[in-house]
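The exercises below ask you to read burial, charge pairing and strand pairing from a set of coordinates. Each task is followed by a solution that goes step by step.

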Amino acid sequence: MSSRLLLRPLSALLVVLLVSGLSLAVPGMLTAARAEGYNTGRTAPSMLVLDASGSMRDQDVGGRSRMDVAKEAITTLVPMLPEDATVGLMTYGNSDPQTAASQEAGCKDVKMLVAPEGLDRDALIRETEGVTPAGYTPIGLSLKKAAKELPEAEMRSIVLVSDGIDECGGPPACEVAKNLVKRHPELRIHTIGFKAEQEARDELACIAEATGGTFADASDAETLRDELLVKMTRAIQNYATNGQPITGGTSAEDAVDMVPGSYLDVLEHGSPQIDDGEGFSRFYRLQLAPGEIAHLSATMVLPGGDGQTNRLAQLALSTSNADGVDCRMGEVQARAEADLGEGPITAAIDTPRMGQTENLTCFGADADGSVILEVERTGDPSIDEAVPVEIQFFAEEEVDRDGLPPAAQHVRAHDPLPAPKDGAQIQPGFSFASAVPAQDRPMRGTIIPGEVQFFRIPVEYGQQVRASLRVGEFDAPKGMELSLQAKLISPLRDGVYTVQPPVTDASVRGFSGKAKPGLVMQLNQATPVQFKNREGGGTEARSSFLAGDYYLQVAMVPSDYTAQRLFEVPYVLDLQTVGKAGKGPELTGQGAASAEDRTAAAPGQASEASDGGGEPVASDGGVDLEAPPASKDGGGIPTMLWVMLGGLAAGVALAGIAIGAVVLVRRLR
């Protein structure tokens, strides 16, 4: 990476760097996901390395010492770290007077203050407050020791905060970083230069670029705080998968019973080409009561790619009866270019009403209510890696529609939201689970090219969403083009028809435009949400039939995925609903069938013999898919976002570029 500076508050920089390191865990690490939505197993172990050399005593930050400002930034960060993070703390220069008086001794004085063994918030704060700057700057040695102390993992991160250059001789710190990443390709080093001069900034930028990390420069307390937040967020956060652990069968014959709810499974591998019959499938058995509709969706997130484009991953859903006979609904498929950062791959399907559709094997009058769902992954991105898949089963019972407002037949135009100029600082969310909730005022954040971020907007019957985003000032590397993409997604994870006012032509593709400073994106939901829309509304209305949490997915897609893309693009986003809340059914997603009618002996039970999908955990019968996500949402930083978030998934590079992959944000991997 060049020595271009990211002039943002130091604290934010530190957080982002740390979180960035943490978000680098890949989906293949998913072995024991928790139903609460924690990002268990999917955060990358990270080490914060703090410069405690003598120059950190300088009182040139608004009359305060550099060290006092750095301590404040770290103690602000620690409470925001996700519960399942693994974070250690190491310093150099934190020397006693005798050691500090000797360059030979001082250049060997690297101390482990908190071992990277889970998250001990109290120890991190206590040890940070006890640091006394005194000695030398052995950056190269500290990187070696930090890499050695981090536990083995699919992805690991170091976040280095320094105000100077390595002054201890030996191989240059950048060469040390290059050698480390050769031995540990999964290692990323994110760096922050605090009040650093040009030579030190160049060295820190070189360290980050050599490992695929990010560099930022901070010269004041606010920038350090903000940048620490950003770096740590993106180090830790990945796409935050959410759901009850489950392991589906590998054929229709051994399909696993599934009751309505949200689930998390693993798809073990891809295949040479999409739809080639050589991918990996999971099978689930659903039981529907007469008159019920099953709304089914699957969301797959791939780990960070190798920068290659034009590679496709496909997720497909299909249904059959218990005998394996196709339900004659056809297949609902979703395909995405896995290295273009356009978001998770989601496929969704809505079944006919059980027992009320003629000439359909699974749903006719003689059907027994049993349906087999197949979720299939094909395509070559991350072909040999197991990746998580979120599966949602929302059962809609038949309700009395008398007295409900009529379906919308045409686009209902509304004026666009004015382009926002400023707003409350947020940290992004990089998944549905960690989506940033809409606020009563605009939100200000940043997005790294390759990231996908999520925002959540509660919508009642009779209302529709308006969104407006303004891109701030940024300087892209020569030859790099950026595309801003935004689309609205329903509570059932279907694409929602939107318009770009003043145009009234509706599309589920949302907004796509060349990103440049000052670009304004305005997007309106095409029609109000009305329950009758799906079965009686016009084409533009049918995706807007269920009240609940809608999602705005925002992606910044670069023309290439080299290290040059690792810079922040500022934006201000405003989200509002317009329209008076009206009448509609209060659906829980559990349907009308009782637990006994579902005929699931152990619904949601993961197979004990499985090598993926987590420990066996019995389902509690599902969740209310309209309810807001829990506050502990997949390991993401509490409403820091997303950012992703957020993707972690992830940049947070995922950002999530935490997530990575096309899908999600390859969270600064």
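**Exercise 1. Place Arg-377 in its strand, decide whether Arg-377 is buried or exposed, and list backbone oxygens that its side chain reaches.**

Step 1. In this predicted model, Arg-377 is found in strand β15, which covers residues 370–379.

Step 2. The relative accessibility of Arg-377 is 1%, and since buried means under 20%, Arg-377 counts as buried.

Step 3. A polar atom of the Arg-377 side chain lies 3.2 Å from the backbone oxygen of Leu-267, and the side chain of Arg-377 also reaches the backbone oxygen of Pro-381, at 3.3 Å.

Step 4. For the surroundings of the backbone, take the C-alpha atoms of Arg-377 and Ala-313, which are separated by 7.4 Å although the two residues are 64 residues apart along the chain.

**Exercise 2. Examine the salt bridges of the structure, and for selected pairs determine the N to O distance and the burial of each partner.**

Step 1. A search of the whole structure finds 17 salt bridges, and three of the pairs are worked through here.

Step 2. Arg-66 and Asp-60 meet through their side chains at 2.7 Å, N to O. With 9% relative accessibility Arg-66 counts as buried, whereas Asp-60, at 31%, counts as partly exposed.

Step 3. The side chains of Arg-282 and Asp-265 form a salt bridge with an N to O distance of 3.7 Å. This pair links distant parts of the chain, with Arg-282 in strand β10 (residues 280–287) and Asp-265 in strand β9 (residues 261–267), 17 residues apart. Arg-282 is buried with a relative accessible area of 4%, and Asp-265 counts as buried at 0% relative accessibility.

Step 4. Between Glu-535 and Arg-353 the salt bridge has an N to O distance of 3.3 Å. Because Glu-535 lies in helix α10 (residues 533–536) and Arg-353 in the loop between β14 (345–350) and β15, the pair ties together parts that are 182 residues apart in sequence. Glu-535 counts as partly exposed at 46% relative accessibility, while Arg-353 is buried, with a relative accessible area of 10%.

Step 5. Arg-353 and Glu-535 also belong to a network of salt bridges, in which they are linked with Glu-396, Arg-401 and Arg-534.

**Exercise 3. Find the nearest side chain of opposite charge to the buried residue Glu-203, and then describe what Glu-203 is in contact with.**

Step 1. Glu-203 lies in helix α8, which spans residues 198–211.

Step 2. Glu-203 is buried yet has no salt bridge, and the nearest side chain of opposite charge, that of Lys-178, is 11 Å away. A salt bridge needs the nitrogen and the carboxyl oxygen within 4 Å.

Step 3. When its neighbours within four places in sequence are left aside, Glu-203 is in contact with Ile-139, Gly-164, Ile-165, Asp-166 and Ala-173.

Step 4. One of these contacts, Ile-139, is among the buried residues of helix α6 (residues 139–149), which also include Gly-140, Ser-142, Leu-143, Ala-146 and Ala-147. Seen down the axis of α6, the buried residues fall within an arc of 160°, so they line one face of the helix.

**Exercise 4. Trace the strand order of the five-stranded open sheet, and then work out which strands β19 pairs with.**

Step 1. The order of the open sheet is β18-β20-β26-β22-β24, and its pairing is mixed. Its edge strands, each pairing on one side only, are β18 (436–437) and β24 (511–514).

Step 2. Within this sheet, strand β20 (residues 452–459) and strand β26 (residues 548–558) run antiparallel and are joined by eight bridges; Pro-458 stands opposite Asp-549 in β26.

Step 3. Turning to strand β19 (residues 443–447), four of its five residues are buried, so the strand is mostly covered.

Step 4. Strand β17 (residues 424–425) runs parallel to β19 and is joined to β19 by two bridges, with Met-443 in β19 as the bridge partner of Ala-424.

Step 5. With strand β27 (residues 569–578), β19 runs antiparallel and shares five bridges, and Ile-447 stands opposite Val-569 in β27.

Notes
Residues numbered from 1 in each chain as written. Predicted model: local features only at pLDDT ≥ 70, side-chain atom pairs only at ≥ 80, totals over all residues. Heavy atoms only, no water. Buried < 20%, exposed > 50% of the residue type's maximum accessible area, 1.4 Å probe, protein only. Lys, Arg positive; Asp, Glu negative; His and termini not counted. Contact = heavy atoms within 4.5 Å. Pairing = 2+ DSSP bridges. Arc of directions from axis to C-beta. Polar contact = N/O pair within 3.5 Å; in protein donor to acceptor, adjacent residues only side chain to side chain.
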